[in-house]
Amino acid sequence: MTKDKEISKNIKRKLNDKEFSVSHLLSGLDAIDKIKSGKKYDFILIEDDMKEMNSFTTLKELKKLDKFNLALNT
C-alpha cells in the first residue's frame with residue numbers, strides 16, 4: 001500500500017467513525033471538477049504536493065468559482 005493510500009485509509013476510518021462522508025481525490029483538478037459539479041463539502045484537507053497543481057494553485061482556482069465558499073481556519 002502506498003503512503004498516500006494508507007494516510008487516506010486512516011483519515012477515512014477516523015472520520016467515518018464520526019459519521020462524516022469522505023472523498024479522497026488525487027489531484028487539484030479533480031477537486032475543482034467536484035466543486036463545479038455541485039458537490040458540497042463541510043471541510044477539505046488538502047496536501048501541498050498533489051498531481052497537476054499544488055494546494056495554493058488549487059485554492060486559487062477554487063476561490064474563482066461561484067459555487068465555492070472559502071472559510072479558512074488556521
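The exercises below work through a predicted model, each with a stepwise solution.

Local features need pLDDT of at least 70 and side-chain atom pairs pLDDT 80 or more, while totals for chains, interfaces and linings use all residues. Residues are numbered from 1 along each chain as its sequence is written, and side-chain values use heavy atoms, with hydrogens and water left out.

**Exercise 1. Overall layout**

Task: state how many helices and strands the protein has, and give its extent and surface.

Solution.
- Step 1. Take helices (H or I, at least four residues) and strands (E, at least two) from DSSP runs, numbered from the N terminus.
- Step 2. The count gives three helices and zero strands. From the N terminus on, the order is α-α-α.
- Step 3. The C-alpha trace spans about 35 × 25 × 25 Å along its principal axes.
- Step 4. Accessible areas use the Shrake-Rupley method with a 1.4 Å probe; for residues, only the protein chains shown count as cover. The accessible surface is about 6,300 Å². Carbon and sulfur atoms hold 49% of that surface.
- Step 5. Buried means under 20% relative accessible area, exposed over 50%, and partly exposed in between (1.4 Å probe, protein chains only). Of the 74 residues, 19% are buried.
- Step 6. Contact means heavy atoms within 4.5 Å. Take the contacts between residues at least 6 apart in sequence: 44% of them join residues at least 24 apart.

**Exercise 2. Charge and the salt bridge**

Task: count the charged side chains, then find the salt bridge and classify its partners.

Solution.
- Step 1. Lys and Arg count as positive, Asp and Glu as negative; His and the chain ends are not counted. Each charge is placed at NZ of Lys, CZ of Arg, CG of Asp or CD of Glu.
- Step 2. The protein has 16 positive and 13 negative side chains. The centres of the two sets lie 2 Å apart.
- Step 3. A salt bridge needs a side-chain nitrogen of Lys or Arg within 4 Å of a carboxyl oxygen of Asp or Glu. A search of the whole structure finds one.
- Step 4. The partners are E61 and K64, with the closest N and O atoms 3.1 Å apart.
- Step 5. E61 has a relative accessible area of 27%, so E61 is partly exposed. K64 reaches 55%, so K64 is exposed.

**Exercise 3. Surface patches**

Task: list the residues of the positive, negative and nonpolar patches, and place one member of each.

Solution.
- Step 1. Patch residues have over 30% relative accessible area and no salt bridge. Like charges are joined within 9 Å, and nonpolar side chains (Val, Leu, Ile, Met, Phe, Trp, Tyr) within 5 Å.
- Step 2. K9, R13, K14 and K18 form a positive patch. K18 sits in the loop between α1 (3–16) and α2 (28–36). K18 is exposed because its relative accessibility is 60%.
- Step 3. D4, E47, D48 and D49 form a negative patch. D48 is in the loop between α2 and α3. At 40% relative accessible area, D48 is partly exposed.
- Step 4. I7, I11, F20, F43 and L45 make a nonpolar patch of about 440 Å². I7 belongs to helix α1. With a relative accessible area of 40%, I7 is partly exposed.

**Exercise 4. Three residues compared by place and cover**

Task: decide whether S55, L65 and S21 are buried or exposed, and describe their surroundings.

Solution.
- Step 1. S55 lies in helix α3 (residues 55–63). Its relative accessible area is 8%, so S55 is buried.
- Step 2. Leave aside neighbours within four places in sequence. S55 then contacts I46, E47, D48 and M50. Two of these, E47 and D48, also appear in the negative patch.
- Step 3. S55 and L45 are ten residues apart in sequence, with C-alpha atoms 9.9 Å apart.
- Step 4. L65 lies in the segment after α3. Its relative accessibility is 18%, so L65 counts as buried.
- Step 5. Beyond neighbours within four places in sequence, L65 contacts I32, I35 and K36. L65 and E47 are 18 residues apart in sequence and 20 Å apart in space, C-alpha to C-alpha.
- Step 6. S21 is in the loop between α1 and α2. At 69% relative accessibility, S21 is exposed. S21 and F68 are 47 residues apart in sequence, and their C-alpha atoms are 18 Å apart.
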